Amino acid sequence: DLYEELQSALASGEQLFSMPLAPASEEISFDDGTESDFGIELLDDCTLTALRDTNLDCPVSPNNPNYPWPSKAHYTTTLLFSSPRLPFSEAQKKAVLSWAKELGVRDVPSLYALNRLQESLQTLVGNPTEKITACSGNIFYLNDVGKAIAKDYANPLTHFAMQDYPEDGGKGMLQVFNGEKMLFELPLPPAAKVDGEIYFVNELLQDASGDYFIPERFFLASYTSMNDGTDKQLYALGHTVQQTEDGFIVSDKREIIPTSNFQRSFREISANDDEL
């Protein structure tokens, strides 16, 4: 019967069922140039992979509006194929480019040109992904968090959406910058810019009332009756300083004052020899 046939097949080492998926021990999430065509038939001499692109070895001028891409077509195609949530295999990329060319789309870049462009971009801005092979043979891909943050700061589209200072969110905590740990235990920006003047931490300054103050930390808060978070202001946590005939006396008690009250920086105070 069927059961006996299966038992005999197992004893002889015969594979009972075909395995359409790759074994779990194989790496399938990254392209190594050896993946199948997923049933897509493409000619070996496909014009999309031929070395027919011009000026591949000519660097793109920074004056080009599409820099560092040679054209808008290269940019949009690279953006499509680089989607982190929709990875494309090499066969799928060839199929998309072939489909676009068959529809009569002009200036369709070749897959060879896109790969060359990707290499040049990694040379230009660096490749944040590092391939690591464990002792067990497992392969991991690790991204450098510091380099990723640096790139976000360098990107004008993301830089202005980033928040450098911790924020006093009251009792609730929605973001990582709402915690006290970021305010007291982690490195923070060492200065704040108020009305064009830069004030550094641990430096003497004078506020609008004439009192002296030494800031230790800067943070954002909304200390209003509505407390709706729409009027966040930059505050300083530090120590008040009293000037005497014998010098300055720094208070042991911490106080919070708004940076909008800052009047004179240490640079301006030190310029007056009679004041220090």
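**Salt bridges in a predicted model**

Arginine 267 is exposed, with a relative accessible area of 53%. Keep in mind that you are looking at a predicted model. Arginine 267 makes a good starting point for a short tour, as this residue has a partner: a salt bridge joins arginine 267 to glutamate 197, and their closest N and O atoms are 3.0 Å apart. To find both ends, look for arginine 267 in helix α8 (residues 266-270) and glutamate 197 in strand β5 (residues 197-200); the pair links distant parts of the chain, 70 residues apart. Glutamate 197, unlike its exposed partner, is buried, at 16% relative accessible area.

How many salt bridges does a search of the whole structure find? There are four, and we can visit two others here.

One of them brings together the side chains of lysine 232 and glutamate 167, at 3.4 Å from N to O. Lysine 232 sits in the loop between β7 (212-221) and β8 (233-244), while glutamate 167 belongs to strand β3 (residues 167-168), so this pair ties together parts that are 65 residues apart in sequence. Lysine 232 counts as partly exposed, with 36% relative accessibility, whereas glutamate 167 is buried at 17%.

Our last stop stays within a single helix. Glutamate 90 and lysine 93 are both found in helix α3 (residues 90-102), three residues apart, or about one turn of the helix. Their salt bridge has its closest N and O atoms 3.5 Å apart. Are these two residues buried or exposed? Glutamate 90 is buried, with a relative accessible area of 17%, and lysine 93 is buried too, at 14%.

Key: Residues numbered from 1 in each chain as written. Predicted model: local features only at pLDDT ≥ 70, side-chain atom pairs only at ≥ 80, totals over all residues. Heavy atoms only, no water. Helix = DSSP H or I, 4+ residues; strand = E, 2+ residues; numbered from the N terminus. Buried < 20%, exposed > 50% of the residue type's maximum accessible area, 1.4 Å probe, protein only.
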